[in-house]
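Reader: Could you walk me through how this assembly is put together, keeping the criteria explicit as we go?

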4 protein chains.
Amino acid sequence: MMTKMFENRIDWRIEWGDCDPAAIVFYPNYFRMFNMATDALFEAAGFAPASAFERFGIIGYPMIDTRATFASPNRFGDQVIIASHIAKWGRSSFEVRHSIFNQSRLSVEGFEKRVWAASQPDGSLKGCAVPDEVRKVMLPADGRMDHV
Amino acid sequence: MMTKMFENRIDWRIEWGDCDPAAIVFYPNYFRMFNMATDALFEAAGFAPASAFERFGIIGYPMIDTRATFASPNRFGDQVIIASHIAKWGRSSFEVRHSIFNQSRLSVEGFEKRVWAASQPDGSLKGCAVPDEVRKVMLPADGRMDHV
Amino acid sequence: MMTKMFENRIDWRIEWGDCDPAAIVFYPNYFRMFNMATDALFEAAGFAPASAFERFGIIGYPMIDTRATFASPNRFGDQVIIASHIAKWGRSSFEVRHSIFNQSRLSVEGFEKRVWAASQPDGSLKGCAVPDEVRKVMLPADGRMDHV
Amino acid sequence: MMTKMFENRIDWRIEWGDCDPAAIVFYPNYFRMFNMATDALFEAAGFAPASAFERFGIIGYPMIDTRATFASPNRFGDQVIIASHIAKWGRSSFEVRHSIFNQSRLSVEGFEKRVWAASQPDGSLKGCAVPDEVRKVMLPADGRMDHV
């Protein structure tokens with residue numbers, strides 16, 4: 001049986017304040033966009049983080065590893081599309097992929113590895129299992145829902 | 001003959017505005033710190049970007065690939081050290097490594113690949129050769145970058 | 001004759017990265033939203049800044065005075081509306097007002113005084129007259145289009 | 001009896017990422033600097049916010065009114081000084097003044113009105129009395145705030 005990867009796409013207008021004196025997006029701002037896009041991905045799946053974090057008893061999904069590659073710059077006023085999907089589910093971690101398109105051009109790619117984390121009494125963070133109801137909706141690129 | 005890697009260390013106080021509702025640094029802000037640290041690395045070598053960019057006829061050193069891994073969080077008021085060095089010189093690109101220490105703890109590691117770039121008449125960017133005077137001062141680590 | 005104030009409204013979702021350890025928007029981020037809203041106001045009037053700046057021969061409309069008052073906080077995931085209008089046109093300066101609504105609640109108010117500025121050969125900025133075609137469309141709160 | 005206003009000065013290097021395509025500081029970033037400067041002011045007085053907030057039972061000192069005026073721009077690499085002092089103590093609120101100097105030039109001025117705030121069980125914020133030990137150290141200017 002074939003399953004279809006769950007993808008979300010958001011529109012983003014490049015803002016003046018996103019850009020630097022070279023008149024291109026200051027790259028740390030792409031990570032703000034990616035974080036926004038991951039939240040939008042969960043929201044599109046029915047798990048809007050602002051309420052879902054509380055419902056699932058987590059503080060959030062902090063980043064443990066992230067990478068971005070930049071093929072071509074984006075400039076003030078450019079209208080871009082950020083396409084996002086889950087690349088892989090682990091037991092308490094998961095991977096997300098983002099692609100930023102400027103018209104037909106693939107401009108920036110992003111990779112994230114995050115942990116599904118609860119806050120412990122001493123203030124430290126602890127990974128906990130990603131709920132099945134989340135895995136079932138947000139099908140990853142490889143179609144596998146099993147624990148890795 | 002042994003040569004010594006050129007390293008720079010800067011102190012940074014984690015600011016309230018660097019942190020998110022989980023009370024830890026919002027990770028895109030680490031990339032702001034890394035960018036600051038790369039500029040400080042060049043400045044420590046005698047090539048303060050604000051003037052050196054103009055002298056070398058470049059618009060800057062835009063990012064083409066960057067990655068960070070997060071071992072432990074940092075919080076408001078934490079005093080961290082960001083240690084930076086050139087990992088490798090290419091002809092018109094170079095790699096930088098950053099390590100953020102919170103007291104004795106290695107908290108965040110950053111990797112950057114940047115290009116030494118001039119602006120062309122049509123507004124696009126073009127890589128150009130990193131000057132020898134820069135390479136001679138900013139001695140890289142042994143150049144092995146196996147894991148990325 | 002009555003004229004109608006030109007107003008624009010944009011939707012904005014409060015992002016995780018907009019918020020601080022008190023779990024409310026870190027106030028400098030409201031100024032990012034206001035800047036975005038001013039650009040959107042001009043775009044709604046047919047003067048999208050990315051292209052209009054060049055057409056009108058200006059570098060932008062840098063801020064000379066801005067103020068914001070905060071009546072109630074906004075939190076991660078809140079959906080807010082930012083309503084913006086021109087409060088007054090001067091010869092080469094203008095005033096903008098923003099109101100952020102969270103449902104029926106007026107949460108934040110912003111005031112801006114900006115200058116319509118060209119870049120001079122020495123790199124400094126110089127105010128120049130706001131074009132009539134802009135004034136005619138973007139009617140201010142008081143309905144007056146004359147120079148002040 | 002004469003008393004001396006308590007003032008703190010911090011050095012700040014204008015970063016690449018602070019600046020926009022006009023090659024000047026994107027003004028919302030001045031508010032980040034001012035927030036940093038207010039925290040530094042309290043720290044200089046012996047009340048480093050990261051620990052003092054907890055000791056005094058407050059969540060922080062959220063902003064209720066802030067304003068900045070911009071006399072001249074600052075650019076990448078500029079070394080500026082931010083001078084800060086308490087302008088006035090209220091019962092549960094206080095006013096701060098910041099001045100950014102670029103060499104001998106007064107470039108930006110900032111005004112803040114904040115509230116000394118505790119978090120209530122329902123998540124809302126409530127002003128509470130500023131402790132006398134804080135007022136006694138952080139002596140204000142003469143208290144006249146005519147123009148705001």
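**Sheets, helices and symmetry**

Author: To begin with chains A and B, 10 strands form an open sheet in the order 1(A)-3(A)-4(A)-5(A)-2(A)-2(B)-5(B)-4(B)-3(B)-1(B), with antiparallel pairing. Strands (E, at least two residues) and helices (H or I, at least four) are DSSP runs numbered from the N terminus, and two strands pair if DSSP finds at least two bridges between them. This is a predicted model, in which local features need pLDDT of at least 70 and side-chain atom pairs count only at pLDDT 80 or more, while totals for chains, interfaces and linings use all residues. Residues are numbered from 1 along each chain as its sequence is written, and chains are lettered from A and ligands numbered from 1 in the order in which they are written.

Reader: Which strands stand at the edges of that sheet?

Author: Those are strand 1 (7-13) of chain A and strand 1 (7-13) of chain B, each with a single partner strand, so one side of each is left without a neighbour in the sheet. From one strand to the next, the twist averages 15 degrees.

Reader: And how many bridges are there between strand 4 and strand 5 of chain B?

Author: Strand 4 (residues 93-102) and strand 5 (residues 105-115) of chain B pair over 10 bridges in the antiparallel sense. Within that pairing, Phe101(B) has Leu106(B) in strand 5 of chain B as its bridge partner.

Reader: What does helix 1 of chain A touch on the sheet?

Author: Helix 1 of chain A packs on the sheet by touching strand 1, strand 2 (63-70), strand 3 (79-89), strand 4 (93-102) and strand 5 (105-115) of chain A, and its direction makes about 135 degrees with that of strand 1 of chain A. Such angles run from 0 to 180 degrees between N-to-C directions, the axes being lines fitted to C-alpha atoms, for helices over the stretch in contact. In chain B, helix 1 (residues 28-44) likewise runs at about 135 degrees to strand 1 of chain B.

Reader: Switching to the other chains, in what order do the strands of chains C and D come?

Author: There, 10 strands form an open sheet with antiparallel pairing, in the order 1(C)-3(C)-4(C)-5(C)-2(C)-2(D)-5(D)-4(D)-3(D)-1(D). Strand 1 (7-13) of chain C and strand 1 (7-13) of chain D are the edge strands, each pairing on one side only. Inside chain C, 7 bridges join strand 2 (residues 63-70) to the antiparallel strand 5 (residues 105-115), and Thr69(C) stands opposite Glu109(C) in strand 5 of chain C.

Reader: How many residues of chain A are in contact with chain C?

Author: 13 residues of chain A are in contact with 13 residues of chain C, where contact means that the C-beta atoms, placed from the backbone, lie within 7 Å. The largest share of the side of chain A that touches chain C, 4 residues, comes from helix 1 of chain A.

Reader: What rotation superposes chain A on chain C?

Author: A rotation of 180 degrees with 0.0 Å of shift along its axis does so, at RMSD 0.0 Å, and the two copies are thus related as by a two-fold rotation axis. The C-alpha of Trp12(A) is the one in chain A nearest the axis, 5.8 Å from it. Copies are superposed by least squares on the C-alpha atoms of residues with pLDDT of at least 70 in both.

Reader: Why do chains A and C meet through the same surface?

Author: Because 100% of the interface residues of chain A are also interface residues in chain C.

Methods
Contact = placed C-beta atoms within 7 Å.
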